[in-house]
Amino acid sequence: MKLSGAQMVLACLEAENVEVVFGFPGGAVLTLYDELFKKGVKHILTRHEQGAIHAADGYARATGKPGVVIATSGPGATNLVTGLATAYMDSIPLVAITGQVATPFIGTDAFQEADITGITLPITKHNYLVKDIHEFPRILKEAFHLAGTGRKGPVLLDLPKDLQVEEGEFDYPQEVDISSYKPTYEGHSGQIMRAAAAIKKAYQPVLYAGGGVISSGAHAELLALSQKGAIPVTTTLTGLGGVPTEYALFLGMLGMHGTYAANNAVHHADLLIAVGARFDDRVTGKIDTFAPGARVIHIDIDPAEIGKNVLADIPIVGDVKLVLQEILKRLRPGDTREWCDRVLHWKKDYPLSYQQKDDHCLKPQFVIEELYRLTGGEAIVTTDVGQHQMWAAHYYRAREPRTFISSGGLGTMGFGFPAAIGAQVAFPAKTVFCIAGDGSFQMNSQELATAVHYNLPVKVMIINNHYLGMVRQWQEFFYESRYSQTSLEGSPDFIRLAEAYGARGLRATSVEEVAPAIKTALQIPGPVVIDFHVDPAENVLPMVVPNTSLVEMIGGWEK
Amino acid sequence: MKRILAILVEDRAGVLTRVSGLFSRRGYNIQNIAVGRTMEPGISRMTVTVDADPLTVEQVVKQLNKLVNVIKVSDLTDELSVGRELILVKVKAEPGRRSEIQQMAATFRAKIIDISPDSMIIEVTGEEQKLQAFLLMMQEFGIKEIASTGKICLLRGSKVTRELRS
Ligand SMILES: Cc1ncc(C[n+]2csc(CCOP(=O)(O)OP(=O)(O)O)c2C)c(N)n1
Ligand SMILES: [Mg+2]
């Protein structure tokens, strides 16, 4: 079958069962958009390419399927950069298709030319500049394959304008054969036996689970291992939702803003079982004081993660779901009763806490607890980056995998709202909340137009502290309260901003107004922005003092 | 510590940038790099010398293996191998000193490949130490310019790099 390059893209989307693409047109993708028009593919037009790629990312995180985004050459392509880096750091499958100037113009500084494959080399799993139409079917197949297998990640295809028109034989490959790309899925059986033996011998084991658990769908196995082995479990930010929050041995998040129980358990562990996690510095604190007495079992699909930051005593390369299944088959629990008692005491005696005293000074934590209460923890929640993100991690307590969506590795402000749009597109009937910062929201608030345009009932709750709060907190703690450039004066009236777009705007400034505002928002069938005016002086606690060990924490649990 | 890596790569546009970019991005220093074809069409061989401790090198190798166009990475440092580099040296050579230079070149089994009224180009092949020694001697006459290929390596005996365990 002869197809043009643009038609090939659409045929590929069909073959890959892509139900929606996010994007923004321009000169170098006119032909592609023309085919899209003819075929009637579902396309979400955002108001900025960054919005499109974060939406595709949110879609991917909510569904597990690759998100697809299209942008034009030059500025369209460079607007994808932050989104690609965000997805790359959190191993999210994306396929980004950019237009490029026509082949004869490449390298001539032609109008809207940017070397996007060069620019995105370090922030994509792989990228392609298509130069020959005959290679394109293979490249399309490879792109989806690479994005969604092994350690997932974003793949970019740069497709010159002339190749969108040029025809070639299209026979979509069934199989991929990349001799140099063969991810290991099954763990080494000898290592798995050693891991099982180490678990049997351990008195103070801890499971430390990361985004890999969500990515491979290993939450059931993780819970089973924790239950059968009587092993307390903590997760990273991107692992949240991987363990049911009400589960007794779940200790919450670990790391810089981890719980007392989680950080102490890891610090005093004699065996640390890292599952799909990568020992990020926000997790470990000062690396040489991290889990000082623990042997380490490190399970990850990416061999390069093992031994990168922390040496593993028992490295296991493989898909964490498959590896956990094998460990479970051989599991004989050790004697961890005393340890579990101790850990549960920490959990009980040092809970996360805040004080909501004065009715007129609303605490951000209270707002998020109310959201949790009123949604039963059953909404999909996305976050921006900053204090509100940490409070969301602490108090929203997502129950299910893929319902807590946050930019972990890159920490991208402005991620939350477009990601919520993507999640809502994936699940039109679900309740989707974006817990936003007043600073972060303004980085992509133009996407209100998108939410209104497609009537996506996303609810944005702005935790409005009038500050770039997280930065302000660091200035308070470590720079003697010199608040350099962190006050957000001049921010818009968010109700009127929402209304200007045709969305609804609500506000809550006191304790009594919180629940009614959330309830009202839930009843409105379209997009809503709720502006919660919260205590600007509130800090995220506990906090590990930077560059110290995980147990050197500034309080927050005192009663 | 110096490590020598032989990297087999698919001969695709940008692959050199991918490999060298990875080194600089992750903070590993390339001391020497040579790229050339292999017997297999579409596959090139890069020989890279890095100065790093064993754990770092392990990490380099793993990161290289993640590049989709990288087929195989082998650390040749601890293998029995032969390595060579070729250098072209342009030295000042007034007529009065030519025979001296010629003698020196002969000692190093170097070849004179160009002569002009006041300079010569000498081609010399060998391992690092020999090349260093040669350059030291040539400095006496005055080196005007050098060009070098970078070091390339093969395993001794009949075993080929592809057969090494990675
Ligand atoms: C794109 C981007 N720029 C800068 C930062 C640095 N940064 C981290 S948190 C933060 C403050 C965010 O403010 P806001 O969205 O109001 O959230 P808050 O901390 O107040 O809850 C900043 C500026 C970042 N993470 N991302
Ligand atoms: Mg703020």
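Biologist: Why does A:Glu538 count as buried in this structure?

Modeller: This is a predicted model, and in it A:Glu538 has a relative accessibility of 12%. Buried means under 20% relative accessible area, so a residue at 12% falls on the buried side of that limit, and A:Glu538 is called buried. A:Glu538 sits in the loop between strand E20 (528-533) and strand E21 (543-544) of chain A.

Biologist: Which residues does A:Glu538 touch, if those up to four places away in sequence are not counted?

Modeller: A:Glu538 touches A:Tyr354, A:Lys363, A:Pro364, A:Gln365, A:Gln387, A:Trp391 and A:Arg472. One of these, A:Gln387, is also among the residues that come nearest to ligand 1, together with A:His388, A:Asp438, A:Ser440 and A:Gly469.

Biologist: What makes the approach of A:Ser440 to ligand 1 a polar contact?

Modeller: A polar side-chain atom of A:Ser440 lies 2.6 Å from an oxygen atom of ligand 1. A polar contact is a pair of N or O atoms within 3.5 Å, and 2.6 Å is inside that limit, so the pair qualifies. The backbone takes part as well: a backbone N or O atom of A:Gly439 lies 2.8 Å from an oxygen atom of ligand 1, while a polar backbone atom of A:Gly411 is 2.8 Å from a nitrogen atom of ligand 1. Taken alone, ligand 1 would expose 580 Å², and the protein buries 76% of that area. The elements that each give two or more residues to its shell are helix H17 (387-395), helix H19 (438-441) and helix H21 (469-478) of chain A.

Biologist: How many residues of each class are in the shell around ligand 1?

Modeller: The shell has seven nonpolar, nine polar and one charged residues.

Biologist: What makes A:Asp438, A:Asn465 and A:Tyr467 donors of the magnesium ion, ligand 2?

Modeller: Their donor atoms, OD of A:Asp438, OD1 of A:Asn465 and O of A:Tyr467, lie 2.0 to 2.1 Å from the magnesium ion. For this metal a donor must be an N, O or S atom within 2.8 Å, so these three qualify as protein donors. Along the chain the donors follow the spacing D-x26-N-x1-Y.

Biologist: Why are A:Asn465 and A:Tyr467 put into separate accessibility classes?

Modeller: A:Asn465 has 5% relative accessibility and therefore counts as buried, whereas A:Tyr467, at 22%, counts as partly exposed. The limit that separates them is 20%, since partly exposed lies between that value and 50%. The same reasoning applies to A:Pro351, which is partly exposed with a relative accessible area of 32%, and which is placed in the loop between helix H15 (337-349) and helix H16 (364-375) of chain A.

Biologist: How do you know that helix H18 of chain A is largely enclosed by the rest of the structure?

Modeller: Helix H18 spans residues 416-426, and eleven of its eleven residues are buried, so the helix is described as largely enclosed. Among the buried residues are A:Phe417, A:Ile421, A:Gln424 and A:Val425.

Biologist: Why is A:Tyr33 called buried, and what does its side chain contact?

Modeller: A:Tyr33, found in helix H2 (residues 30-39) of chain A, has a relative accessible area of 14%, which is under the limit of 20%, so the residue is buried. The side chain of A:Tyr33 makes a polar contact with the side chain of A:His43 at 2.7 Å. Beyond residues up to four places away in sequence, A:Tyr33 touches A:Gly23, A:Phe24, A:Pro25, A:His43 and A:Ile70.

Biologist: What is notable about the backbone at A:Ser91 and A:Ala291?

Modeller: A:Ser91 has a positive phi of about 55° although it is not a glycine, and A:Ala291, likewise not a glycine, has a positive phi of about 40°. A:Ser91 is in the loop between helix H5 (81-89) and strand E5 (94-100) of chain A, and A:Ala291 is in the loop between helix H13 (281-284) and strand E13 (295-300) of chain A. With relative accessible areas of 14% for A:Ser91 and 6% for A:Ala291, both are under 20% and so count as buried.

Biologist: What kind of peptide bond joins A:Leu541 and A:Pro542?

Modeller: The bond is cis, with omega at about -5°, and A:Pro542 lies in the loop between E20 and E21 of chain A.

Definitions and conventions. Residues numbered from 1 in each chain as written. Chains lettered and ligands numbered in written order. Predicted model: local features only at pLDDT ≥ 70, side-chain atom pairs only at ≥ 80, totals over all residues. Heavy atoms only, no water. Near = heavy atom within 4 Å. Polar contact = N/O pair within 3.5 Å; in protein donor to acceptor, adjacent residues only side chain to side chain. Areas by Shrake-Rupley, 256 points an atom, 1.4 Å probe, with all protein chains shown as cover. Helix = DSSP H or I, 4+ residues; strand = E, 2+ residues; numbered from the N terminus. Nonpolar A, V, L, I, M, F, W, Y, C, P; charged D, E, K, R; others polar. Donors = N, O, S within 2.8 Å, 3.2 Å for Na, K, Ca; no water. Buried < 20%, exposed > 50% of the residue type's maximum accessible area, 1.4 Å probe, protein only. Contact = heavy atoms within 4.5 Å.
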